[in-house]
Amino acid sequence: MTSHAAHLKEKAEKASLGFWLYLMTDIMVFASLFATYVILRNGTNGGPASQDIFNLEFVMVETFLLLVSSFTSGLAYLAVRRGLKRRALVLLGTTIALGIGFLTLELYEFGELILAGHGPAHSAFLSAFFTLVGTHGLHILIGIIWAIALGDYISKHGTSPDALRKFSLFVVFWHFLDLVWIFIFTIVYLLGIIS
Amino acid sequence: MDWSWLIGRLSPEYLPKDPVTLGAAIGMPIAIIGILLAITYFKKWSYIWNEWVTTLDAKKIGIMYMGIAILMLLRGGADALMLRAQTALAQTGIELFNTQTFQEVFTAHGSIMIFFVGMGAMFGLINMALPLMLGARDVAYPFLNSVSFWLFFAGMVIINASLVFGGFSNGGWLGYPPLTGLEYNPGPGVDYWIWALQIAGIGSLLSGINFTVTILKNRAPGMTLMKMPIFAWSVLVAMVLVMLAFPVLTATLGMLALDRVAGMHFFTSDAGGNPMMYINLIWAWGHPEVYILVLPAFGIFSEIVATFARKRLFGYTTMVAALIAIMFLSFVVWQHHFFTMGAGANVNAFFGIMTMIIAIPTGVKLFNWIFTMYKGRTKFTAPMIWFMCFAVTFTIGGVTGVLMAVPALDFQVHNTMFLVAHFHNVIIGGVLFGYFAGIYYWWPKLFGFTLHDGLGKLSAYAWQVGFILAFIPLYILGLMGAARRINTYDDPSWVPLFIVSGVGVGVIGIGAGLMILSMVYSIWKRKKLADTTGDPWDGRTLEWSVPSPAPFYNFAITPTVTRRDEWWYRKKDGVAQPKREDYKDIELPKNTAEGVYIAIATGMIGFGFIWHIWWMVAVALIVVIAFVIRRSFNDDTEYTITADELYQLDRKARA
């Protein structure tokens with residue numbers, strides 16, 4: 001291996017390690033929001049409590065969209081690795097579409113609550129709910145913007161090793177958001193319906 | 001016509017009114033304009049832009065961090081002088097500041113000292129020394145390093161801008177709600193505080209990731225983790241703490257901001273909100289933050305003591321174990337900041353015992369340094385004097401800390417001057433003395449000449465004497481019941497103690513002045529104080545193996561490490577001259593201004609939030625996203641220095 005190639009490989013390894021460390025810091029952001037949500041959950045201020053406003057079927061559809069988008073992002077990564085540019089772009093497009101679908105449903109849910117007078121300023125419970133779920137949604141939005149930029153890069157530069165490296169970080173990010181969503185699904189929605 | 005869509009809530013009513021802030025508010029812009037005119041007059045713009053603003057060289061970024069930190073030390077020090085002048089004169093009837101201004105001044109003092117002096121000096125020293133000590137050419141992500149610095153800079157600008165327009169927060173350095181909530185503090189002061197800390201904090205978080213990866217991936221070949229200089233270990237532990245703690249700060253400040261701009265109810269006292277949740281969260285960051293600041297200082301002292309005692313560090317392994325123990329323990333003690341919350345005896349007992357346990361690894365370190373000096377032929381240079389002052393002062397601070405770890409006793413001294421004396425004892429005596437020692441120690445490596453040793457020692461003595469005068473009276477006052485953060489009192493027996501304390505702050509001011517003087521004098525006499533060997537202290541670690549000032553590529557030939565204190569033993573074995581064929585092509589990052597642009601846009605996001613200028617937030621956000629995308633999809637960010645060029649450069653640097 002030439003020293004230039006070794007240098008690039010080293011850079012890729014550093015980027016990957018750093019990105020995992022960044023995800024760890026993001027977990028701490030979500031941990032703080034989760035802790036706050038759990039503490040403030042009963043502070044409903046005479047307004048609706050969690051069992052009054054959550055609709056599990058609706059959340060099921062959201063979850064389904066997100067999980068499938070993770071699957072397609074993984075397939076897209078494999079396509080980049082095999083150098084199948086067209087297939088990679090189609091699968092990435094599917095991922096983006098599913099992500100937008102998820103975000104639309106989430107905004108719909110938020111909109112319904114706000115129109116019913118249950119906006120984030122109503123009670124501590126609703127503040128914590130909107131902020132926790134909204135922060136996840138914001139990450140999804142960032143992921144979508146990233147995916148679009150990535151699609152543009154691949155359509156211009158093809159499936160180079162550089163593209164694969166960039167793509168691998170995106171896929172890790174997207175799976176990470178899935179993981180956070182599983183916790184939101186369990187702690188916010190599922191436990192919210194039961195209690 | 002309603003212009004609020006354009007200018008938010010900006011209005012002339014926020015212009016400063018009382019004479020003290022008015023003076024500063026007029027002086028500061030004039031000074032800035034003066035500096036800008038001087039730069040223009042001396043035609044230095046392209047030099048500053050090309051060599052400093054756009055640089056990705058960690059050493060230069062470190063120098064800029066340090067410059068800001070020293071500037072902010074003077075600003076925060078002036079605040080301290082005003083506070084103690086007020087309490088010394090409180091009974092004479094002369095009122096320097098009313099209660100509101102007093103609150104703003106102590107908030108400014110605390111916030112600036114921790115975020116912009118402590119953090120700034122820490123990242124400054126890490127940037128200057130760490131890559132060189134690791135035998136590395138650079139940090140892991142040079143561009144991210146530039147972004148971090150400029151975010152820190154943007155935070156610094158925002159927190160100082162509040163003085164000129166809008167007023168400072170009056171909520172204390174940690175901004176406890178509900179006082180900092182919308183209901184009691186609707187003005188922009190708290191928003192300035194939030195966004196300055198938020199932006200600087202994100203910069204720190206990125207630096208935490210950057211230096212962790214630097215230590216894990218950029219070490220010279222052969223340097224295993226247990227062969228690293230102990231400073232690198234202390235930085236590694238501190239940076240892990242940064243990565244775990246700073247996201248909590250980001251989330252907490254974010255929630256407080258949402259309370260304020262969106263009328264949410266996280267920390268309000270009505271609608272189900274819980275202010276104590278904020279206090280728990282902020283200390284879950286705040287306590288580790290104390291260790292983030294002090295651990296690198298411990299690392300610096302470890303290097304200095306070993307160098308000047310001319311012995312290897314006593315108990316390297318126990319030192320590493322102590323650092324790691326502190327890393328874990330620092331996350332299970334946060335509740336000791338509010339034993340009076342009412343969590344119950346069992347919870348208080350747990351946190352009290354955990355707090356006392358932290359004293360053990362910290363004590364281990366002190367003994368390690370003392371045993372390192374034992375039977376050494378110690379050279380008492382300025383850095384070593386700082387160490388001696390530290391060892392005394394920090395021990396007193398540690399002992400009073402263990403006292404306050406007893407919940408029953410803490411109920412007595414909670415929120416009194418005793419606490420103020422304690423944390424200044426550990427932060428000045430531990431953190432600042434450590435960083436000052438580091439400045440004197442590494443200065444020749446950065447600039448090519450040593451600082452005047454006599455003036456440096458004099459400065460250390462002045463700090464030490466001033467410290468004792470300023471803070472020992474506060475311990476006594478605290479035990480007598482003097483509450484902190486109050487501008488007046490009615491017990492005449494407190495007057496002498498407050499006057500002594502005020503004089504002490506003045507002596508500290510003389511110490512700071514002597515330090516500046518030693519820098520100015522040494523720059524003037526730089527030819528005489530020049531360091532021609534690159535190794536003025538007969539050092540032990542790799543940074544002393546390169547010429548002074550360290551070249552921009554750090555090491556012409558990446559060193560191979562076989563043991564701790566590699567450079568010390570190499571000198572014993574005789575240093576081999578490098579041969580022409582040892583030089584290889586190297587790749588270095590190109591300068592770029594993108595970090596500055598990202599930070600300017602981020603600062604505008606903060607400004608928009610502070611003044612409710614929503615279009616500015618939106619536009620600046622798009623600019624940030626655009627720059628991040630542009631940078632991350634740009635594959636042409638490096639240039640090559642060929643082996644030939646490097647050989648010539650190295651010969652010139654060594655000549």
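In this predicted model, 33 residues of chain A are in contact with 35 residues of chain B. On the side of chain A that touches chain B, helix H1 (3-40) and helix H5 (124-157) of chain A each supply at least two residues, and the largest share, 18 residues, comes from H1(A). When the residues on this side of chain A are sorted by character, they divide into 17 nonpolar, twelve polar and four charged.

Chain A itself can be described in a few steps. Its secondary structure comes to six helices and zero strands, and a reader who follows the sequence from beginning to end meets the pattern α-α-α-α-α-α. Along its principal axes, the C-alpha trace of chain A spans about 70 × 30 × 25 Å. Of the 195 residues in chain A, 37% are buried. Among the contacts in chain A with a separation of 6 or more, 81% are accounted for by residues 24 or more positions apart.

Two pairs of helices, one from each chain, can be set side by side in a table.

| Helix pair | Angle between axes | Distance between axes | Citation |
|---|---|---|---|
| H3(A) (residues 56-81) and H6(A) (residues 161-194) | about 165° | 10 Å | chain A |
| H7(B) (residues 189-217) and H8(B) (residues 230-261) | about 150° | 8 Å | chain B |

How are H3(A) and H6(A) oriented to each other, parallel or antiparallel? Their angle is about 165°, and angles over 145 degrees count as roughly antiparallel, so H3(A) and H6(A) are roughly antiparallel to each other. H3(A) passes H6(A) in a left-handed crossing. The residues that H3(A) brings to this contact include Leu56(A), Val59(A), Leu66(A), Gly74(A) and Tyr77(A), while those on the side of H6(A) include Phe167(A), Val171(A), Trp174(A), Trp181(A) and Ile193(A). Taken together, the residues of the contact of H3(A) with H6(A) divide into 15 nonpolar, six polar and two charged.

In chain B, H7(B) and H8(B) pack at an angle of about 150°, with their axes 8 Å apart, and this angle makes H7(B) roughly antiparallel to H8(B). The crossing of H7(B) and H8(B) is left-handed, and the residues of their contact divide into 21 nonpolar, six polar and two charged.

Helix H8(B) also appears in the description of the nonpolar interior. The largest nonpolar core has 254 residues, and those with the most contacts inside it are Ala232(B), Val235(B), Phe301(B), Trp386(B) and Ala437(B). The largest share of this core, 24 residues, comes from helix H8 (residues 230-261) of chain B. Which residues does Trp386(B) touch, not counting residues up to four places away in sequence? Trp386(B) touches Phe433(B), Phe436(B), Ala437(B) and Ala460(B), and one of these, Ala437(B), is itself listed among the residues with the most contacts inside the core.

A last place to look is a loop of chain B. Asp535(B) lies in the loop between helix H16 (495-524) and helix H17 (566-573) of chain B. Why does Asp535(B) count as partly exposed? Asp535(B) has 19 C-beta neighbours inside 10 Å, whereas a residue is buried only if 20 or more lie within that distance and exposed if 12 or fewer do, and therefore Asp535(B) counts as partly exposed. Asp535(B) and Ser545(B) are ten residues apart in sequence, and their C-alpha atoms are 6.9 Å apart in space.

Technical notes:
Residues numbered from 1 in each chain as written. Chains lettered and ligands numbered in written order. Predicted model: local features only at pLDDT ≥ 70, side-chain atom pairs only at ≥ 80, totals over all residues. Contact = placed C-beta atoms within 7 Å. Helix = DSSP H or I, 4+ residues; strand = E, 2+ residues; numbered from the N terminus. Nonpolar A, V, L, I, M, F, W, Y, C, P; charged D, E, K, R; others polar. Core = buried A, V, L, I, M, F, W, Y, C linked by C-beta atoms within 7 Å. Axes fitted to C-alpha atoms, helices over the stretch in contact; angles between N-to-C directions. Parallel < 35°, antiparallel > 145°, perpendicular 65-115°, else oblique. Left-handed = near helix turned anticlockwise from the far one by under 90°.
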